[in-house]
Amino acid sequence: MITRIAFIGFGVVGQGLAEILLEQKTDLKNQFGFEFEVVAIADKMKGSVYAENGLDVQKLLDLVKSTGKIEDYPEGIKGWDSIQTITETNANLIVEVSWTDINTGEPAISHIKTAIGCHKHIVMTNKGPIALAARELLSMAKTNGVEIRFEGTVLSGTPALNLGVNNLASSKITKIAGIVNGTTNYILTEMEKGLTYEVALKQAQDLGYAEADPTADVEGYDALGKIVILTNVVMGGNITKDQVPCQGITKITYQDIKEANKEGKRWKLIAGAELKEDGFVDAYVRPEKIPLDHPLAAVSGPINALTYTTKYLGDVTIVGPGAGREATGYALLTDILDIHRKVSR
Ligand code: HSE
């Protein structure tokens, strides 16, 4: 069966996936029996296009670079909004990569509910819906026989969620802690090398690490969304973001960084969650001074790291890219292949 893909959103992450799909088209067919067509793209800024027999992905990527307008594509139906693209195209897989709103989860939650209603599978990297409504969405999907995957919501393509949910299933995870935001880790690393906060942030934006509104990164809200996802999806918790104390990196100065270095330490933005004896989970996001000989102190730039503390294995740590065009695009590919494996069985 051919997977017919519709992209909802076509920014850095969507384009990252499109490039990987193009590059791997033959290998995906030969190695995994996975065949696809991209039939539609709907992006709030770049416009939309739909062609039931498939679009030329390279042409679309070129258009985004040259005119920034998907609607300049020479054929197909234009002007459909995201909801119409989900409901009226022949796509059977929705790639939800619209912008993240960690407060409302919209418009992504509506996109996902619409796709579930149409029995279309969904992959996403958008943290809003899973941080705010994981239980509801997963239960709706199950009722409707729809597969939802969201590996890229935490540590981008580094398989932190799969590790926690699948590989460490029943390992009795009592604690999760680590560096889960690439932008702030990049900024702190660059500030230590002497760059100003503003220049380091600008670089993180140019490199595609930061959220559309980077306040979410620097004030800790992105890390907050991720620790809520980890708590609820991996630890089976049921917390909301309002229950989690959250502090970002905006108050950390160059002076603070230098002083920490003198003490043999390094500032890192840490997100954590710990299971208490009463069965509840305490979660937090805050900058911490980490001793230089601690493994997290060596995790630099956009690299993230997460340690699961388990009963049977002790600490299990995963380290890898936490943000970026290709790393996050790849997360979507792993989700797509996982769904393909499941539905083509
Ligand atoms: N803005 C996020 C980060 C992107 O910097 O980690 C990946 O979730």
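How far does a polar side-chain atom of Lys 127 lie from an oxygen atom of the ligand? Keep that in mind while you work through these exercises on a predicted model.

**Exercise 1. Find the side chains that reach the ligand's oxygen atoms, starting with Lys 127.**

Solution.
- Start with Lys 127: one of its polar side-chain atoms is 2.8 Å away from a ligand oxygen.
- Go on to Lys 226, where an N or O atom of the side chain is 2.9 Å from an oxygen atom of the ligand.
- Then look at Asn 181, which has a polar side-chain atom 3.5 Å from a ligand oxygen.
- Now check how covered the ligand is. On its own it would expose 250 Å², and the protein buries 94% of that.

**Exercise 2. Describe the shell of residues around the ligand.**

Solution.
- Pick out the residues in the model. Among them are Lys 127, Asn 181, Gly 182, Thr 183, Tyr 209, Asp 217 and Lys 226.
- Sort the shell by character: you get three nonpolar, four polar and five charged residues.
- Next, see which helices help out. Helix H7 (182-193) and helix H10 (221-234) each give the shell at least two residues.

**Exercise 3. Work out which pocket the ligand takes up, and what lines that pocket.**

Solution.
- Place the ligand: the space it takes is the largest pocket.
- Get the volume of the largest pocket, which comes to about 950 Å³.
- Walk around the wall. The lining has 50 residues, and those nearest the pocket's centre are Gly 11, Val 97, Ser 98, Trp 99 and Ala 212.
- Trace the lining back to its elements. Those giving two or more residues include helix H1 (12-32), strand S2 (35-43), H7, H10 and helix H12 (325-343). H1 has the largest share, with three residues.
- Finish with the mix: 16 nonpolar, 23 polar and 11 charged residues line the largest pocket.

**Exercise 4. How many cavities of 30 Å³ or more does the structure hold, and which residues line the largest cavity?**

Solution.
- Count them: there is one cavity of 30 Å³ or more.
- Size up the largest cavity, which has about 40 Å³ of space.
- List its lining: Leu 188, Glu 192, Ile 257, Ala 260, Asn 261, Lys 265, Arg 266 and Trp 267.
- Match those residues to elements. H7, helix H11 (254-262) and strand S9 (265-275) are the ones giving two or more residues to this lining.
- Sort by character once more: four residues of the cavity lining are nonpolar, one is polar and three are charged.

Definitions and conventions: Residues are numbered from 1 along each chain as its sequence is written. This is a predicted model: local features need pLDDT of at least 70, side-chain atom pairs count only at pLDDT 80 or more; totals for chains, interfaces and linings use all residues. Side-chain values use heavy atoms; hydrogens and water are left out. A residue is near a molecule or strand if one of its heavy atoms lies within 4 Å of it. A polar contact is a pair of N or O atoms within 3.5 Å; within protein, one must be able to donate a hydrogen and the other to accept it, and residues adjacent in sequence count only if both atoms are side-chain atoms. Accessible areas come from the Shrake-Rupley method with a 1.4 Å probe; for residues, only the protein chains shown count as cover. On a 1 Å grid over the protein atoms alone, a cavity is a set of points where a 1.4 Å probe fits but cannot get out, and a pocket is an open set with protein on both sides within 12 Å along at least five of seven lines; lining residues have an atom within 4 Å of a point. A molecule sits in a cavity or pocket if more than half of its atoms lie within 2 Å of its grid points. Helices (H or I, at least four residues) and strands (E, at least two) are DSSP runs, numbered from the N terminus. Ala, Val, Leu, Ile, Met, Phe, Trp, Tyr, Cys and Pro count as nonpolar, Asp, Glu, Lys and Arg as charged, and the others, Gly among them, as polar. Grid points are joined across faces, edges and corners, and a volume is the space filled by probe spheres set on the points.
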